[in-house]
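User: Please take a close look at one part of this structure. I would like one sheet walked through strand by strand, with the pairing spelled out.

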Amino acid sequence: MRAAVLHAGGAVRTVSRGTPPPTAGEVLLRVTLAGICGTDLELARGYKANAQVGCVLGHEFVGVVARLPPPPPAAAAAAAADAADADAATAADGGAAAAAAEAAAAVDACPPLGTRVVAEINCVTAADAAAAAADADGGGADGGAATPAGRAHHPRRTVVGIGGRDGAWATYVSVPVANVHAVPAGLPDAVAVAVEPLAAATAAAAVVADAAPPTGAAVAVLGAGRLGVLVALALRAALPPGGTEGRTPVTVLVRSPAGSPRTARAAGVLRRAGIPLAPVGGGPYAAVVDCTGGPDGVATALSLVRPTGVVVVKSTYAPPPPPPAAAGGGAAGAAAAPAAAAAPAGGLSAAALVDLVVREVRLVGSRCGNFGVALAAAAAAPAGWLDGWVSATFDLEDAAAAVAAAAAPGALKALATTGFFRLVDHGVDDGAVGALLRAAAPFFDQPAAAKAAAAVAGMAVSRGYEQSPQHRAYAAAVAAGAEPTAAAAARAAHPEPAAREGILTERFCCGPSAAAADLFFHPNVWPPPPGGGAPHLRPPMTAVYDAMAAAADGVLRLLAAAAGAPADYFVDRSRHGHSNLQVAHYPSQPVAPPAGLARVKAHADSSTVTLLWRVAGGDAETAARGGLQLLPRHRAAAATADGDGAGAGDGTGDGDGLGHGDGGAGWVDVPPAAPGELLVNVGAGLARWTGGAWPATRHRVVNPVAGAPARRLSVAFFHKPDVRARVDAAELLVYGGLPPLAGGAGGQVPARHAPVTYGEGVSRVGVLHRLRHLPADEAAARYHRFVASGDVADLEGGEGGGASRDARTSA
Ligand SMILES: O=C(O)CCC(=O)C(=O)O
Ligand SMILES: [Fe+2]
């Protein structure tokens, strides 16, 4: 089977695993849907070494009974019968007998094959219960293993997907029969998957209901995370009707109701239930349930509750670190004591505790709940009450992306500020990139004429060998002997052929290798190997292209989910895309180029996203070696003008780029690459698609300080969707994960956000080659008709032909 396993350090990877073996007392479930919760994210952040490393994650799930529990072995069954007759001689005998009895009971109690079930997460096997009984000073206590509440606090429990037991992010999961509950017909998986947190929510609501708030008194929930929403819904169901509207008023309180995308989603679910979302305040309330998940929630809740009211605390969080001990031996304890007294319980002051006593407020902790109650509540709820609960669905193979997307509100903040972020665990093998560089370096070390034979004449197509016109002019001047004698001598002595020739930046690019792509886009150009046993460029180039394309799809699924859209929103629009892969070579610079001529001038990419591989640590000495810099948008205003601000089309370095040290205001060095890391940046395509919420941040590659040993290679994948993909911010923003479009007068979509096709409005580079005589939309329509039909007549309007296959030139 396949399973998403937690690795040390927090990475989640989908791997092959054996299906769990038949185990006495346990039923095998085929997982149909599993959720991600805050606990999972905490495990996947790798904050602490824990019992789940090496195990499968996932504890919120729905499954189907796939294999019944095995019957107890005959001998064990006989022992069980004996034990029932006589007093157990030893704890071990008792354990074996209990296990056999459990196995037999499981066979009887297990729902039939194919039954849809959910399962409680705290597991105590008969052996564990017997061992606990033996631990307990002969008292015979089994820690209450027979009941869900007893299992929740059992000293020997394991916890599905959390503590020492494989979880449900897998094809199959095995759980004790005692833990499973059949899901009522008609309850969708998307609701049943929430039964575990719903059970916890109903337990909290039950505490409030038991406290019997007086008729008409209001109650509040602090926090509109997933749990806060469920607690509010559970309160609405649990509390008796009252108040002027015939109900006990329930309000969800948040710091800023208009705040995050997550709050917006919560507001949608709550609105359907008629539960208002309001800023923290109001009250006093008869009951307050703290679902903030933070240490200051309790203090806030206590400040909002009325005398004799109840505060239910649901937040769990890593305890704050102890106050730092004051310097100086014996004084340390004394110095620390006042600080501890001021905030003994994570923000709860001594004064607040005294206040709690005086006002006779009840403070109740609440964690797990009863699945039976939760299932009944879910079945009784009005249809559609949890619509919008599942924000995105991922395939098990994409578990890592799913975790990243779930962590999105924080993790993807970088998107909105710089539009750049680092990516690890992306599946692009460092070895494959290494093989590409081993083939690319000898290609670039050839004489200029050999490389020029792999160039496409006259057009920017992002295929084959390329230099920008300005760079070509500079190299021509160097070749013509334009440099002073001393400089020419330094250059002539340089070991790198490209440095001797005055090449500042050169690239080799390829596009998709599908045959259909060749018919529309400019065909790929594959030069012969340079000889001397050097490898051919094509195999490593296409291998890295494919790996980068898969990684880009993963990133785009993550970003779609972060935007609140279906995870495949961008991928579905890129099935016949025109991405390209570029190996860039920045030779050493034995002679400093003229001011204004940089390795790559300031530009934004015309991609949706660009995935950039850099030599690990290679930009550590950026100032000396010449490396990547970016201009974050909040600093852009401070920067002096440099360039026209227009996208340069995949970083094609034409124009008046800046050398190192020029126009430095606001520009920051990109930190060095860690081993195995990709740098991802938003291009003009995604910037437009998101209405500018995620900026296409300008970046450049500066020259090294003269004389520094500074050859540099990088590998960039520019993802481009279908040329006909409609880039429509208004459509994407409907999903609610991005801020609304700014700048539209009278509700109009501003012109800069008006819908366009990608090929017409964002990037024509490398496309429309064969049909370049046609308007872009017409060309795109023909291409896609052809992709669907496979009939060349659809592409050419009946003419056939194939002249463009020979469109490469020789120097
Ligand atoms: O080589 C690099 O580090 C980045 C190049 C770049 O920005 C581009 O080619 O678009
Ligand atoms: Fe770029």
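**A parallel sheet and its crossover**

Analyst: Start with one residue pair: Val311 stands opposite Leu363 in strand 16. This is a predicted model. Val311 has a partner in strand 14 too: Val288 is bridged to Val311 of strand 15. Next to that pair, Ala287 stands opposite Val310 in strand 15.

Now the strands themselves. Strand 14 covers residues 285-290 and strand 15 covers residues 305-313. They run parallel, joined by five bridges. Strand 15 is also parallel to strand 16, with four bridges between them.

These strands belong to an open sheet of six strands. Its order is 13-12-11-14-15-16, and the pairing is parallel. The edges are strand 13 (277-279) and strand 16 (362-365), each of which pairs on one side only. From one strand to the next, the twist averages 25°.

What links strand 14 to strand 15 in the β-α-β unit? The connection is helix 10, and the unit is right-handed. Helix 10 spans residues 297-304. It lies across strand 11 (219-222), strand 14 and strand 15. Its direction is at about 155° to strand 15.

A word on the side chains. In a regular strand they alternate between the two faces of the sheet.

Finally, the setting. The chain has 811 residues, of which 46% are buried. Its secondary structure comes to 31 helices and 29 strands. Of the contacts between residues at least 6 apart in sequence, 80% join residues at least 24 apart.

Conventions. Residues numbered from 1 in each chain as written. Chains lettered and ligands numbered in written order. Predicted model: local features only at pLDDT ≥ 70, side-chain atom pairs only at ≥ 80, totals over all residues. Helix = DSSP H or I, 4+ residues; strand = E, 2+ residues; numbered from the N terminus. Buried ≥ 20, exposed ≤ 12 C-beta atoms within 10 Å, placed from the backbone. Contact = placed C-beta atoms within 7 Å. Pairing = 2+ DSSP bridges. Axes fitted to C-alpha atoms, helices over the stretch in contact; angles between N-to-C directions. Right-handed = clockwise from strand over helix to strand, strands pointing away.
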